[in-house]
Amino acid sequence: MGPHMRSSRRSSGRPVSFSAALLLGGAVQVAVAIAFAGASESAYRGVPTGLGLLVSVLAGVLAGPLAGILVALEGGAGFVIFVTNGQLGGWVAVVLWIVAAGVAGAVADRYRATGHERDIAHASERRARQAAESESARLAHLHNLTGRLADAVTVRDVCGALVDTAIGSLGADASGVALLSPDGAELERVAARGFPDDVLAAWSRFPADTPVMARDVIQGRSVVTVASAEEALERYPLLSSFGDGYPMGAQAAAPLLAGDELLGVLGVNFREPRRFSLEDESLLLAIGRQCGQAIERARLFEAEQRALRRASRLQEVTARLARAVTTEDAARAILRGATGAVGADAASIALASDDGRSLRVSPGLLSSGTLRLRPPFEISMNDRTVLAHVYRNGRALWIASPDEWKSRFEEGFATQGDLGRCVYAVPIVAKGEAIGALAVYFREERGKPSAEEAELISSFAHQAGVALERARAYEVEHEAAMTLQRNLMPEGTGYSATVDVDGRYLPATRGVHVGGDWYDVVDRPDGTVAFAVGDIAGHGLQAAAAMGQVRSAWRALALSMTEPNAILASLDRFAGGVDGAFFSTILTLLLDPSRNELRYASAGHPPALVIEPDGSTRFLEGGRSVPLGLPFDLPRPQAQERLGTGSILVVYTDGLVERRDEPLDRGLERLAEVASRVRAGSLTEISDGLLELVADDRHDDVALLTIGPRRPVEVFRRTFPADAHELATMRADLRTWLERSGLPTETREDVVLACTEAATNAIEHAYIGRGGDVLIAAESEDGALQVSVTDHGRWRHPRPDDSRGRGLELVRAVIGDVDVQRGEGGTTVRMRVGIP
Amino acid sequence: MRSTELATIEFGQAERATVATIGGEVDLSNADRLLDELMARVGTTPWMILDLTACAYLDSAGLRMVARVDERCRTVGAGLRVVVHPGGSIDRVLAMTRMDEVLTVDPLLRDALGAALEEVDGVEPGVEDADGGAIDP
């Protein structure tokens with residue numbers, strides 16, 4: 001505590017009444033003495049001596065006690081007269097006087113003692129009463145204030161209530177509250193009443209060491225008062241600059257304390273001079289303390305509100321960042337968060353290149369609430385820019401004005417100077433290493449961001465670091481997974497020699513949901529076709545790798561096993577040993593195209609869709625069991641279907657039908673609707689139509705396999721028994737296929753003829769009616785049509801006398817480029833026709 | 001499609017000529033059956049006219065059939081005329097195999113019939129060669 005300054009001290013000590021009694025007693029004594037002297041002289045002349053004696057005695061007796069009151073000080077003077085007269089009466093009077101004086105003295109002493117005690121008693125009683133009165137008044141004020149503070153939510157509310165209470169309780173003309181800045185350097189006026197506007201305007205914020213009463217309050221942590229304008233001006237000359245409107249009378253100022261912490265200063269002003277009582281001071285201290293606590297509470301509340309807002313902003317940004325997969329997305333989320341959080345008008349994010357020598361800057365400008373990204377550009381880490389500086393130094397930086405900006409970071413100002421007038425920039429750190437910088441720009445000049453704002457921006461920068469690192473990792477992994485997926489899942493058609501197949505794979509465009517989905521088709525030696533579609537539960541590289549393993553396993557199993565449920569059972573055991581294959585789903589099917597018979601089993605996979613030639617659709621709901629890799633030994637059922645001729649099968653992964661905001665059934669319905677609409681097209685067209693169900697922006701990858709009866713497309717492959725009766729069908733198919741080959745009609749017919757000739761040769765000379773297969777394959781390649789006819793029989797030369805064997809001559813005649821390879825395993829005739 | 005439907009064969013009988021009209025496609029699967037039917041008619045008239053204008057496809061198996069009929073006709077002293085669309089696929093097949101040099105080919109049935117009926121009066125069938133000149137000096 002500093003020196004206790006008190007401008008007025010109330011007098012204390014003996015009661016006033018006792019001094020007055022002394023004076024009165026003195027006056028009475030002098031008067032009686034004079035009267036007594038006069039009366040005794042006249043008594044000696046005319047009045048009998050006895051009477052004179054009586055008067056003397058009475059006067060003495062009466063005067064004695066009165067004189068006794070005077071104690072010994074003034075007492076004796078008058079009575080000396082009697083003694084000097086030398087009369088008996090005088091001596092008697094003296095004796096009596098002495099006795100009376102002694103008695104009176106004692107009585108007077110006694111009286112004085114009791115009177116003093118009574119005086120003291122009276123005084124303390126009075127004080128107690130006054131104290132009780134002021135205590136009750138103070139309690140009333142405090143009570144009133146307490147009521148108002150209960151309703152006050154913000155610091156401003158609290159201070160408003162404080163000002164009103166100070167004015168009301170003291171009858172002041174004006175009052176104001178100023179709060180200390182967090183660093184204690186400044187005072188900011190929060191509430192005021194009764195002061196002229198010009199003073200309010202000039203004194204909204206001022207240094208805490210300004211020589212006014214507030215400074216003394218802050219230093220002394222106690223109440224400071226001045227009783228008059230003169231005293232005020234003498235002690236605080238600065239007040240002379242205040243205009244006429246300022247209540248320049250008595251003034252008092254009190255600290256606002258919360259515990260030991262000084263929050264600010266309360267001031268009260270009177271137009272007239274006034275002395276402040278102890279009670280006044282106590283009252284000011286008490287309401288100051290009460291409001292100090294209320295301010296602290298309100299600040300906590302406001303901080304909590306800010307923390308909530310901040311948390312929700314952070315949460316918002318975090319959520320956005322979680323969705324952000326590319327560094328571009330992440331930058332956008334950060335810029336939006338950073339500008340919104342501190343009310344900035346623009347923000348830039350700079351990311352270091354891999355070698356750390358340059359920074360890629362993405363600026364974003366808020367314009368009517370929406371963030372517009374400017375095209376990113378590169379700067380060198382050594383450039384004179386705020387971002388490069390902060391990136392190099394690793395410390396936050398505040399640039400308060402364009403002048404400062406321009407003088408310190410000329411290059412940066414040249415390119416970014418239009419984003420605002422003030423800049424606050426922080427480094428972006430990931431794993432302890434600076435990877436860039438984040439800057440926010442303010443169009444209006446303003447104070448340095450508060451500790452809280454700085455913390456908020458720093459936390460955005462931290463989040464940015466994490467998110468950008470992750471986004472980079474995502475981009476790398478996404479790319480790797482895509483590459484792996486592409487290698488594992490070659491796209492295209494014609495996987496089967498027996499049926500037409502159109503397989504599609506669409507990777508996810510967002511997130512690392514790539515690599516889990518697959519399909520495959522295997523032509524089995526018995527003429528059936530096995531195909532499957534599956535979904536590995538995980539995503540990313542691991543899923544892509546697991547997919548490769550499961551798919552290979554399925555291929556091996558599908559070649560050796562005919563029953564889909566047996567394939568599933570084996571895969572189930574296999575999946576248990578493959579990382580990432582747990583809970584994979586798969587639908588495996590076996591189609592016998594010659595009988596249009598289908599057997600299938602599903603391990604937790606969405607059902608296959610059948611599109612009948614009449615356009616009706618149905619899902620194959622049978623043969624269902626749980627996904628792979630579960631530790632249960634549950635049965636793996638399978639189901640069997642007979643398909644109508646020309647039916648088309650659609651198998652897919654859930655990415656095709658699943659949407660996050662609706663049940664799976666709706667997705668299946670939609671698939672069926674679209675399927676029946678696009679069924680008339682080729683498989684390629686059907687697949688294209690179905691894939692329109694999938695959004696361009698998707699979180700999941702999609703595998704789709706469409707299987708239909710053999711239709712010639714780019715590749716023609718036909719295996720048929722070495723039976724002359726198959727030739728016509730073969731020719732018909734080949735003709736149909738050739739219609740799309742781009743060859744002129746005549747050449748197409750030549751090809752048909754050549755193929756028939758070669759096949760005829762195979763039937764007649766290779767197999768000689770003993771049966772076997774002839775394979776005809778044709779495909780367009782490098783601007784030519786390659787056709788081959790293959791048999792597995794043993795060639796016999798035609799008898800010389802037979803016209804048989806003329807076929808090959810014919811082949812050579814119609815097709816210029818013919819190559820015949822004969823071997824123990826059979827004969828292949830290869831023909832090549834240029835496509836004009 | 002079976003061979004029975006793959007190709008059709010119809011016979012028309014004129015006074016001195018038998019007209020066999022083959023439609024559809026002729027290949028290994030049906031050439032022998034067609035050949036049997038044709039052979040049954042060879043020799044019933046001085047002329048056999050094989051009308052292939054309605055035939056969409058004919059390969060070496062079909063040519064062999066034609067060659068057999070031709071051979072048979074020559075044996076029995078009958079004449080064979082083959083009618084094909086000039087420039088059509090069968091015409092081309094005949095040309096490529098040089099069979100057009102062995103057979104008498106007419107672009108229209110009318111031409112074939114006309115020639116056959118004309119020749120009945122003058123030249124005996126079977127002695128006229130592809131050049132139209134007499135074989136005998």
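This report walks through a predicted model with chains A and B.

## How far to trust it

Let's start with the scores: the model comes in at ipTM 0.73 and pTM 0.35. For chain B, the mean pLDDT is 81, with 83% of its residues at 70 or more. The stretch to watch there is residues 126-137 of chain B, where pLDDT falls below 50. That stretch still has 14 contacts in the model beyond near neighbours in sequence. Where pLDDT is low, though, predicted coordinates shouldn't be read in detail.

## Chain A

Chain A has 836 residues, and 40% of them count as buried. Its secondary structure adds up to 22 helices and 30 strands. If you take the contacts in chain A between residues at least 6 apart in sequence, 65% of them join residues at least 24 apart.

## A helix pair in chain A

One pair to look at in the viewer is α18 (residues 664-678) and α19 (residues 683-691) of chain A. Their axes sit 9 Å apart, and the two helices pack at an angle of about 145 degrees. The crossing of α18(A) and α19(A) is right-handed.

Which residues make the contact? From α18(A) come Leu671(A), Val674(A), Ala675(A), Arg677(A) and Val678(A). On the other side, α19(A) brings in Glu685(A), Ile686(A), Gly689(A) and Leu690(A). Sorted by class, that's six nonpolar residues, one polar and two charged.

## Chain B

Chain B has 137 residues, with 47% of them buried. It holds five helices and six strands. Reading from the N terminus, the order of elements is α-β-β-α-β-β-α-β-α-β-α, so to speak the chain's itinerary. Take the contacts in chain B with a separation of 6 or more, and 69% are between residues 24 or more positions apart.

## Where the chains meet

How many residues of chain B touch chain A? There are 19, in contact with 21 residues of chain A. Three elements of chain B each give two or more residues to that side: α1 (3-6), α3 (60-76) and α4 (89-96). Of these, α3(B) supplies the largest share, with five residues.

What's the mix of classes on the side of chain B that touches chain A? Here you'll find nine nonpolar residues, along with five polar and five charged.

Terms used
Residues are numbered from 1 along each chain as its sequence is written. Chains are lettered from A and ligands numbered from 1 in the order in which they are written. This is a predicted model: local features need pLDDT of at least 70, side-chain atom pairs count only at pLDDT 80 or more; totals for chains, interfaces and linings use all residues. Helices (H or I, at least four residues) and strands (E, at least two) are DSSP runs, numbered from the N terminus. A residue is buried if 20 or more other C-beta atoms lie within 10 Å of its own, exposed if 12 or fewer, and partly exposed in between; C-beta atoms are placed from the backbone. Two residues are in contact if their C-beta atoms, placed from the backbone, lie within 7 Å. Ala, Val, Leu, Ile, Met, Phe, Trp, Tyr, Cys and Pro count as nonpolar, Asp, Glu, Lys and Arg as charged, and the others, Gly among them, as polar. pLDDT is the predictor's confidence in each residue, from 0 to 100. Axes are lines fitted to C-alpha atoms, for helices over the stretch in contact, and angles run from 0 to 180 degrees between N-to-C directions. A crossing is left-handed if the near helix is turned anticlockwise from the far one by less than a right angle, and right-handed if clockwise.
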